[in-house]
Amino acid sequence: MPRFAPSTFLETHEVTNQPGEFSGVNLYLTDRALREAVLREAGPWLDRRMAALGAIVGSEDVLEWGELANRHPPELVAFDRYGRRLDEARFHPAYHQLMALAMDHKIHDLAWTATEPGRHLGHMALLALFTQAEAGTMCPINMTYASVAALKAFPDVAKPWLDVLLGGKYDPALRPIGEKKGVTLGMAMTEKQGGSDVRSNATRAIPVAGENGIYRLVGHKFFCSAPMSDGFLTLAQAPGGLTCFLVPRITPDGARNGIQLMRLKDKLGNRSNASSEIEYHDALAFRLGVEGRGVSVIIDMVHHTRLGTMGSTLGLMRMAFAQAVNHVKGRRAFQRNLIDQPLMRAVIADLALDYEAAVVLAARVARSFDGEDETERAFARLAVAVGKYWLTKRNPNFIYECMECHGGVGYVEETPMPRLFRESPVNAIWEGSGNVIALDILRTLQREPRALEALKSELDKARGGDARLDAAIAELLGELQRPALPETRARWFAERMALLLQGSLLVQHAPTAIAEAFCGSRLKSAWTGSYGILPDGTKIDAIIDRQV
């Protein structure tokens, strides 16, 4: 982090030719692509919120909180000093400061409490902005947001929770929800033997005699994200089949529920966020929906968490890119600033194309979550999977390329680049890894004719804007007319849909130089995905001028 007036005159040399620190800037107002998307898809009400948060998360203090929360990850406290079970995750104070800031800015509930258009875009965009300072805290924030989608269908169980969640403040104390200023909710679905195949779950749900909808759970979960949450949506085998339950940390009578934390995961990245393995020991649970319909209940939560993974990916991309641009503007080599070297300009311009395309796609998908007609909702179900698949697939190499722009200093832990790089794969793995998402896309296309019609309608909006885009759309739609879509091509379909949606949106909304360069590079059969390889005639100056 920046320090006051560091000494540059050392005993053996003078420290020169170093870029300034990237801090003390409004992370939103300096991001033209995101601001244009917010104004277009939501309007001034969200622009004001974003500008306010952008100034805060770009400050030296908040950026340092993000660094501290990851340098000092949570610790498992299984017992107190007298041997009594606690099963708690303890956090550095910076983590709590970040969580309080996020909930003060309503990232967890804005989509459900605002009345203006673009409410879910508000969640996604604020989450992306906050992620630039710290990503791990956005896991419990995003799951709390997404839980509302499942809970609101069951007011008999959920009302006490929603009354505290909506409009709530951060309150980390462990106590009954009726005594709290706000709550967070997590999710515990996967088990050791099945992973994403949740229908193989073995955790048992035993009905409590004489108590309608109340059960005791016995079993385990191999991944329980955010175990310090006040409650969890979970899946267990009831007498009638796989069922969704709400499991509180504290029971209504004020006792700790039978949830034991076995260990915290030692993860590659996302280190500020606690992820755990848990066991249920006769844990009290409240049924959501009917027995045997657990997947259909929790899928609404999963659907909304996927929007958050797009937002988180967008934030990671932006911070990595902003750091790279800051470095190449302030560093000289071979008599010129790096930003003025032709090949570096090509790399920066190519990275900019991916970021601009990620913004327009994420914003359009988020807007579809506000959709009130069946066609728009069908588009949301398809497009959020497409967007999650593609943005998270591109993210690790994007961030690596931004790291390489720094040279050797980008590989040093004192910079944010290693933390961003370690964070880069997580959104591709959580809430459905690549194959799971690609196959989900195929199933949606095959089971929901309205989803394909929504895709066609969306792509048709750019018809005539670029001949290469028109030809690529015709090719894709022709392939989608097959009576059976082979699973072996699922990733190809996912990638092409993503690229064509991005191209279509850029043609409609981006400057001509960006749309032309994107279609001219990404839609070619010879495109390798590497950065810095742009077609002859690309208007590199016009692309870069938006980024510096």
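In the predicted model, the side chains of Asp-350 and Arg-522 form a salt bridge, with an N to O distance of 2.5 Å. Asp-350 belongs to helix α10 (residues 342-368) and Arg-522 to helix α18 (residues 512-522), so this contact ties together parts of the chain that are 172 residues apart in sequence. Neither partner is exposed, since burial requires under 20% relative accessible area; Asp-350 and Arg-522 are both buried. The pair also takes part in a network of salt bridges that links Asp-350, Asp-354, Arg-394 and Arg-522.

Helix α10 contributes to a further salt bridge through Arg-364. The side chain of Arg-364 meets that of Glu-458 at 2.9 Å, N to O. Glu-458 is located in helix α15 (residues 449-460), and the two residues, 94 apart, link distant parts of the chain. As with the pair formed by Asp-350 and Arg-522, which are buried, both Glu-458 and Arg-364 are buried.

A salt bridge is also found between the side chains of Arg-468 and Asp-466, with an N to O distance of 2.8 Å. Here the two partners fall into separate accessibility classes: Arg-468 has a relative accessibility of 42% and therefore counts as partly exposed, whereas Asp-466, with a relative accessible area of 8%, is buried. Across the whole structure, the search for such contacts returns 39 salt bridges.

Backbone geometry was examined as well. Asp-87, although not a glycine, has a positive phi of about 55°. This residue lies within strand β2, which spans residues 85-90. The relative accessible area of Asp-87 is 8%, so the residue is classed as buried. A positive phi is likewise present at Gln-335, another residue that is not glycine, where the angle is near 70°. Gln-335 is situated in the loop that connects β10 (332-333) with β11 (336-337). With a relative accessible area of 69%, Gln-335 is exposed, because the threshold for this class is over 50%. The two positive phi values thus occur in contrasting settings: Asp-87 is buried and lies in a strand, while Gln-335 is exposed and lies in a loop.

Technical notes
Residues numbered from 1 in each chain as written. Predicted model: local features only at pLDDT ≥ 70, side-chain atom pairs only at ≥ 80, totals over all residues. Heavy atoms only, no water. Helix = DSSP H or I, 4+ residues; strand = E, 2+ residues; numbered from the N terminus. Buried < 20%, exposed > 50% of the residue type's maximum accessible area, 1.4 Å probe, protein only. Salt bridge = Lys/Arg side-chain N within 4 Å of Asp/Glu carboxyl O.
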